[in-house]
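Trainee: May we go through this model together, one question at a time?

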4 protein chains.
Amino acid sequence: MSGIFGAYSAVKKTVLEEVYLGLYALQHRGQESAGISWIQDGSVASKRGLGLLHNAIDQKRLADGEAYNAIGHVRYVPLESSRLQNVLPISANYARGPIAIAHDGLITNLAELTRQLEQRGAIFQSSTNSEAILHMMAQKSHMQPIDALVDALRRIEGSYALAVLLENSLVAARDPYGFKPLVLGEREGTYYVASESCALDIVGATLLRDVEPGEIVVVNGKGVKSLRVRPEEKCRRLMHCSFEYVYTARPDSIIDGRSVYEARKEMGRRLARKSPCPGADLVAGMPDSGTIAAIGYAQASKTPFEMAVVRNRYVGRTFIQPTQKVRELGVKIKLNPIEALFKGKKAAIVDDSIVRGTTAERIVSMIRSCGAEEVHLRIASPPVLHPCRYGIDTRKENTLAAVRMTLDELCRKVGADSLDYLSEEDLTAAVGLPEEKLCTACFSGKYLEDEEK
Amino acid sequence: MSGIFGAYSAVKKTVLEEVYLGLYALQHRGQESAGISWIQDGSVASKRGLGLLHNAIDQKRLADGEAYNAIGHVRYVPLESSRLQNVLPISANYARGPIAIAHDGLITNLAELTRQLEQRGAIFQSSTNSEAILHMMAQKSHMQPIDALVDALRRIEGSYALAVLLENSLVAARDPYGFKPLVLGEREGTYYVASESCALDIVGATLLRDVEPGEIVVVNGKGVKSLRVRPEEKCRRLMHCSFEYVYTARPDSIIDGRSVYEARKEMGRRLARKSPCPGADLVAGMPDSGTIAAIGYAQASKTPFEMAVVRNRYVGRTFIQPTQKVRELGVKIKLNPIEALFKGKKAAIVDDSIVRGTTAERIVSMIRSCGAEEVHLRIASPPVLHPCRYGIDTRKENTLAAVRMTLDELCRKVGADSLDYLSEEDLTAAVGLPEEKLCTACFSGKYLEDEEK
Amino acid sequence: MSGIFGAYSAVKKTVLEEVYLGLYALQHRGQESAGISWIQDGSVASKRGLGLLHNAIDQKRLADGEAYNAIGHVRYVPLESSRLQNVLPISANYARGPIAIAHDGLITNLAELTRQLEQRGAIFQSSTNSEAILHMMAQKSHMQPIDALVDALRRIEGSYALAVLLENSLVAARDPYGFKPLVLGEREGTYYVASESCALDIVGATLLRDVEPGEIVVVNGKGVKSLRVRPEEKCRRLMHCSFEYVYTARPDSIIDGRSVYEARKEMGRRLARKSPCPGADLVAGMPDSGTIAAIGYAQASKTPFEMAVVRNRYVGRTFIQPTQKVRELGVKIKLNPIEALFKGKKAAIVDDSIVRGTTAERIVSMIRSCGAEEVHLRIASPPVLHPCRYGIDTRKENTLAAVRMTLDELCRKVGADSLDYLSEEDLTAAVGLPEEKLCTACFSGKYLEDEEK
Amino acid sequence: MSGIFGAYSAVKKTVLEEVYLGLYALQHRGQESAGISWIQDGSVASKRGLGLLHNAIDQKRLADGEAYNAIGHVRYVPLESSRLQNVLPISANYARGPIAIAHDGLITNLAELTRQLEQRGAIFQSSTNSEAILHMMAQKSHMQPIDALVDALRRIEGSYALAVLLENSLVAARDPYGFKPLVLGEREGTYYVASESCALDIVGATLLRDVEPGEIVVVNGKGVKSLRVRPEEKCRRLMHCSFEYVYTARPDSIIDGRSVYEARKEMGRRLARKSPCPGADLVAGMPDSGTIAAIGYAQASKTPFEMAVVRNRYVGRTFIQPTQKVRELGVKIKLNPIEALFKGKKAAIVDDSIVRGTTAERIVSMIRSCGAEEVHLRIASPPVLHPCRYGIDTRKENTLAAVRMTLDELCRKVGADSLDYLSEEDLTAAVGLPEEKLCTACFSGKYLEDEEK
């Protein structure tokens with residue numbers, strides 16, 4: 001999971017600080033590393049680092065730079081590969097000049113591509129997906145960079161949203177299934193690409209449109225041009241990631257034309273109708289991810305919504321790791337239910353999803369300690385039963401609570417009086433996109449590959 | 001404004017990590033510096049630093065320490081005195097042994113006390129209030145430490161909640177008016193004092209009771225003993241800070257017996273009745289401080305509550321300082337209204353208070369840019385018209401929006417269709433404490449001193 | 001052991017950077033912490049930190065400041081008290097205004113003074129000698145600061161060289177025995193005090209003279225004034241530290257009128273005469289402390305001098321702590337003898353002193369591994385048999401090699417073919433001061449106190 | 001200019017800390033960055049950073065690692081390319097597995113090689129020489145790594161000393177002219193390669209021999225094997241860098257069989273004979289680089305040698321950058337002449353070389369300020385008249401003092417009473433290698449390329 005952002009100023013304004021702000025708005029998509037690359041004197045300059053954006057990149061130093069063409073990246077890196085070499089954007093010089101790539105997604109045929117590239121002499125200095133794209137382009141150095149990029153993308157399987165920095169242009173590309181979101185914005189002659197529209201808002205840009213599945217958008221001094229990885233008519237089969245609407249994206253983003261907030265609230269409303277909690281005194285969301293669905297649930301069930309579980313605002317800034325001595329305090333460090341609201345009450349708790357069930361178990365137990373009479377857990381998405389193959393970090397199948405237990409077993413494990421999920425139909429309807437345009441593989445197990453066979 | 005926390009384990013368990021966690025729960029009371037002091041081999045050891053708790057103190061190193069008696073402090077330090085010498089707890093050795101003090105509040109006769117102490121030979125190495133208390137005790141070195149502390153507190157005017165670390169005891173004290181909150185908790189033989197009950201929750205302690213106004217609680221190997229700065233019967237005139245309920249405290253804290261969440265929601269409810277917004281499509285709170293009052297407002301006015309203004313979760317971790325180039329983007333970095341919720345709608349926006357009015361103005365303007373038809377601003381406390389003399393950092397009188405403008409002028413300035421405040425009566429009623437027990441000086445101008453004359 | 005430096009510009013030039021440079025020249029006198037204090041807007045401002053000067057104080061930030069009156073300090077702090085509170089200068093405000101003190105030396109009646117001060121209400125926030133001086137002055141707040149300082153110094157026993165910063169003056173003082181060096185310099189209307197004259201050189205100042213034993217020099221807008229701790233005629237009994245000439249001071253310093261370089265070379269010359277090494281092929285010094293004596297030894301014995309043991313120039317910058325795996329490599333990390341020079345040769349190795357004998361043993365062994373035929377060790381000072389009571393950190397008596405072993409035993413332990421020391425008479429003669437003016441207590445055991453009884 | 005070090009333990013002992021120590025001994029060859037790479041679980045792991053070794057690499061963390069095959073690098077990086085990507089060793093995976101390279105030298109046909117490699121699809125992620133070698137090997141992925149390395153080296157023109165880390169072996173290689181030094185050592189079953197023998201000393205290893213010009217040494221589980229870049233008989237034309245003997249190497253190193261100390265002292269001796277200074281009272285070296293030649297000069301001229309210019313031992317650790325205010329103090333920060341030695345004397349000052357002449361000018365002026373009667377400057381190498389093409393960072397031709405001025409002009413500029421250089425013949429004789437085996441291009445302008453045409 002990553003956030004990408006790019007800016008190209010046709011009016012030659014410096015865009016470095018705006019790229020920084022854009023990444024800042026996308027920080028929720030990746031907190032483990034951040035990087036910004038830009039064109040300076042005909043080659044790529046970069047600032048990259050581990051940690052949150054402000055740890056990774058010194059904003060003040062950046063603001064000193066000047067560049068009208070730049071891209072940036074925030075990334076969730078699994079711990080084991082959290083090395084500086086793997087921080088994106090990746091950049092290089094090749095026969096056709098400087099290049100840098102920021103990538104959100106997962107190339108599913110990476111091993112095969114790597115083997116082929118190495119056979120032809122490629123050396124891999126990182127373990128990133130993006131380096132393979134660089135090599136594919138470099139090994140077609142007789143082509144123009146854009147053509148080489150199109151050629152490379154045609155060889156890639158899996159998911160991608162890309163921002164590619166070339167000497168005189170900025171390229172955005174989205175895989176033919178549209179797994180990963182990518183939008184195009186503009187403000188006073190400067191063009192932007194971003195994983196989510198909330199990053200356009202922060203720089204005051206207008207959302208022009210989504211980059212279309214299978215589309216390659218080239219921005220340069222001549223304006224905006226559109227190419228295709230695959231002809232549009234062959235991109236009818238879309239697979240927009242439904243988990244973006246459930247959890248990943250910020251609620252103030254609009255993805256493929258749908259407001260994430262509206263989708264999430266509708267999930268809550270439909271959950272209330274499918275699985276009501278009659279007589280509940282209050283509805284509370286698990287902060288922050290369950291809050292909006294909880295509002296929808298409360299509205300549809302005409303039950304008072306309360307911010308009844310308080311999240312320490314400083315969590316995440318500090319990554320407190322309790323030592324063994326206080327391990328049992330666990331989730332209390334992050335979340336605290338308000339006794340005055342729960343005491344003697346029947347509560348409906350809404351969360352966006354259950355992965356391993358550990359957090360749910362602790363929260364239910366904490367709420368019971370507050371003297372709640374009944375605690376009913378409602379999940380605003382279907383059970384997660386399958387791993388994601390396209391870039392969302394869900395756990396291995398055998399760690400998924402819904403795989404390992406029946407609904408009743410899981411309900412008992414988390415200690416709730418009742419437990420229910422949203423149906424796939426309701427999820428699809430809540431997002432408001434046709435069923436065939438939404439990837440629900442993690443819920444349904446219907447993977448693109450299986451289907452296409 | 002500060003947060004204080006102390007722990008004394010009668011069963012000789014080490015408490016350093018719990019003090020760290022307690023401060024973590026109180027981080028909202030002060031982000032500029034943090035410190036922890038404990039007794040080790042008969043003298044005081046300390047870790048202190050600038051910034052958020054995790055920047056100021058290395059949690060891992062701390063966890064290596066061993067101490068069953070410790071206090072900690074988080075502090076809002078005005079920038080000009082943000083020097084390491086001023087970070088609390090302050091500690092010293094004097095004729096009666098080691099001592100450290102953590103202090104929340106403001107000594108109003110500090111200048112006079114300092115003069116007297118210096119005349120008798122005191123040297124001041126910091127510009128903290130707490131150093132004066134140390135000197136008062138030291139200049140009565142013929143007395144037992146506890147007696148010297150009582151004697152010192154009797155000479156102090158103003159507000160204080162104190163945690164004092166002595167070689168074999170932990171002392172908590174609260175000024176006779178009870179301006180500043182202070183609670184007492186216990187868990188398996190370890191006693192805790194804390195500015196707010198949410199810090200007891202994080203260490204799994206039970207809230208025993210508030211330290212009473214004018215009370216001095218001494219915890220040592222023999223148990224808990226209570227002394228008085230001033231006889232209880234003379235502490236009838238209480239002045240609990242009403243701003244704690246409005247803004248300062250965490251909603252999951254219970255202060256002087258009242259749930260902060262309940263008080264805040266009731267402020268919203270009463271605001272809805274006093275100043276309704278008929279025909280509003282939605283009620284939204286200014287995050288995070290206006291959210292709970294907005295829920296109350298929405299419930300009382302039977303209008304849908306929405307989390308319609310999104311706060312960047314990473315704000316504060318990063319202190320992004322936009323340079324001139326992007327200055328106009330301003331408050332967008334922190335807050336983003338959701339267009340889908342506001343477009344063509346009539347919105348009631350609830351905030352906890354208005355100080356200078358700048359943020360309100362920007363937010364209203366942002367919401368209008370989303371296409372809102374009408375924006376009505378409701379403030380869940382009375383106009384702030386007077387500076388606080390007891391430790392809350394409100395601006396100088398002439399910067400206060402409500403001082404400089406009439407209600408109409410302010411409404412026009414912020415660009416709202418209407419603007420209204422909560423009344424003092426409603427504030428008092430919402431908190432649920434008798435009027436005479438609540439300090440509302442910043443709203444009413446009724447200061448303790450004026451009254452006592 | 002410490003280095004102190006102060007500057008007062010009568011022509012109101014800013015002196016902060018010069019104090020920084022002065023400390024830089026005195027870095028050899030203390031590497032564990034550094035601090036600078038100056039008068040700014042009528043009170044003391046300070047920068048202090050642990051480590052070498054450039055780690056402790058950000059030179060660039062300092063250069064931004066403005067002050068024409070400032071003092072600084074570099075310090076050897078024993079590890080156990082290496083806390084930020086103990087970094088000098090210590091500063092405070094007291095009844096007579098701001099004050100800061102930098103101190104080199106050891107107050108021998110500190111415990112008694114502390115007891116008295118605490119009885120009168122003093123609180124000790126550090127474990128430094130200097131804080132007691134502040135308290136003595138503060139408890140005489142009816143006196144002018146200078147008078148209070150004189151009064152305080154009269155109560156102190158032990159050694160001191162002081163730089164005291166007052167609001168409108170800079171004071172330098174030296175104990176009546178002149179244990180610790182202190183010089184006075186001037187350049188274009190700015191006056192300087194420094195532990196050693198090499199620090200005057202770095203700022204281009206002229207050495208005016210030594211501060212005299214028992215003298216208090218006050219520099220202010222009216223010029224330079226001299227007071228006395230004790231009348232000059234009562235300061236006939238001087239005790240200049242002979243170890244300054246042997247080891248502590250930089251060779252380019254002039255202390256009490258004697259060139260340290262010349263003294264050290266003369267020690268080598270006299271050592272050659274007292275204890276020659278006939279037939280030696282080369283003379284080498286143990287770098288860096290034995291080098292100059294070795295040159296003298298070589299010149300007097302007409303034997304070639306060689307830089308035959310190479311010291312890694314980066315030692316000290318890095319404090320490499322080999323783990324167990326490479327512990328046996330030991331002293332090789334720091335020193336490396338040159339095989340080409342030692343192979344088949346008879347070598348005389350000159351060092352300034354032997355404390356525990358461990359380093360000598362390793363070096364001799366390394367030189368033998370180079371194939372040296374004979375290794376003769378010559379020490380350019382008498383055996384260290386007694387601990388220093390006045391501020392030099394020599395080890396406890398029972399760790400001193402010369403205490404624990406006879407000359408023969410020690411010679412065998414270090415593995416040398418012969419071993420000899422300089423005599424006390426020669427040491428005194430080499431320094432060139434009358435015997436009665438030189439403290440040789442660490443060699444002779446003749447302490448001031450014993451004598452005065 | 002760089003230092004390289006590698007270790008392969010045939011007895012499977014971990015070597016990481018020894019590589020760290022080896023680099024520590026080579027720190028004088030490069031202070032701008034440092035890196036260590038090792039094989040771990042079949043791939044390359046690395047620690048790299050900017051600055052001195054101890055800043056660049058956390059020694060403690062390193063010591064936790066385990067690897068019996070590792071290489072390291074310290075580097076002088078010109079400021080403009082001081083980016084983390086350029087810190088060596090460079091590492092990658094290619095079709096034949098993991099690889100890392102540490103390189104000292106300069107590839108003179110790099111531009112041409114890069115062009116060819118890019119044409120065949122290479123992407124360059126750094127601006128290092130070494131990356132080209134990786135690509136050359138990768139583009140011959142049908143060959144065994146060793147064979148591909150040999151093939152690559154045959155295409156390289158210029159200078160190199162290499163340590164190459166492969167999955168199961170360590171390879172050392174030296175260019176056919178032997179420009180750059182490289183030695184082979186052994187200790188208890190562990191083999192080492194190092195730029196200089198002083199790095200073998202620090203780990204207690206025995207110097208086996210120099211890697212021969214044109215030789216490729218392969219160390220693996222089967223022992224040590226020798227290959228050739230070019231047949232030995234074609235390596236008769238050697239070009240050992242004479243500047244290594246003059247300045248670069250540590251005096252305790254043995255390079256191509258010659259002790260650097262002995263060579264430097266002999267330069268001094270020959271300089272004394274060629275250009276005596278009759279009647280001089282003392283000979284002093286410019287620290288540290290002129291010291292050993294000064295000893296030789298003093299011995300040959302029977303004039304006393306003195307350490308008469310003191311170098312601040314902490315220089316370099318601190319990189320003090322005086323601001324404008326104290327700029328005039330200049331070189332005093334680093335060096336201080338001892339007045340007592342120079343006053344009224346005739347002094348011969350020996351330095352290793354003159355590049356721009358600025359430092360010489362300041363030193364002569366400082367010595368005159370000490371009251372010296374006469375100052376005669378002697379340079380222990382010939383005038384530097386030509387830039388180095390093989391990796392020594394000498395300035396551009398038009399900044400070289402000896403190019404811009406006649407001897408007389410330069411003498412006047414630096415303010416000396418007389419100035420003279422060593423002759424090329426004497427330099428060659430002092431090193432003790434046949435003239436045709438020594439590169440003296442920077443003195444003579446006789447470049448290899450010109451000769452070979």
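The exchange below concerns an annotated site and a helix pair.

Mentor: This is a predicted model, in which local features need pLDDT of at least 70, side-chain atom pairs count only at pLDDT 80 or more, and totals for chains, interfaces and linings use all residues. Residues are numbered from 1 along each chain as its sequence is written, while chains are lettered from A and ligands numbered from 1 in the order written.

Trainee: Why can Ser289(A), Asp351(A) and Asp352(A) be said to gather at one spot?

Mentor: The unreviewed UniProt entry lists these three under "binding site", and such annotations may be inferred rather than shown by experiment. They span 64 residues in sequence, yet they gather at one spot because no two of their C-alpha atoms are more than 6.7 Å apart.

Trainee: Is Asp352(A) buried or exposed?

Mentor: A residue is buried if 20 or more other C-beta atoms, placed from the backbone, lie within 10 Å of its own, exposed if 12 or fewer, and partly exposed in between. Asp352(A) has 25 such atoms within 10 Å, and therefore it is buried.

Trainee: How is α9(D) oriented relative to α10(D)?

Mentor: The axes, lines fitted to C-alpha atoms over the stretch in contact with angles from 0 to 180 degrees between N-to-C directions, come within 7 Å and cross at roughly 45 degrees. Angles under 35 degrees count as roughly parallel, over 145 as roughly antiparallel, 65 to 115 as roughly perpendicular and the rest as oblique. Therefore α9(D) is, relative to α10(D), oblique.

Methods. Helices (H or I, at least four residues) and strands (E, at least two) are DSSP runs, numbered from the N terminus.
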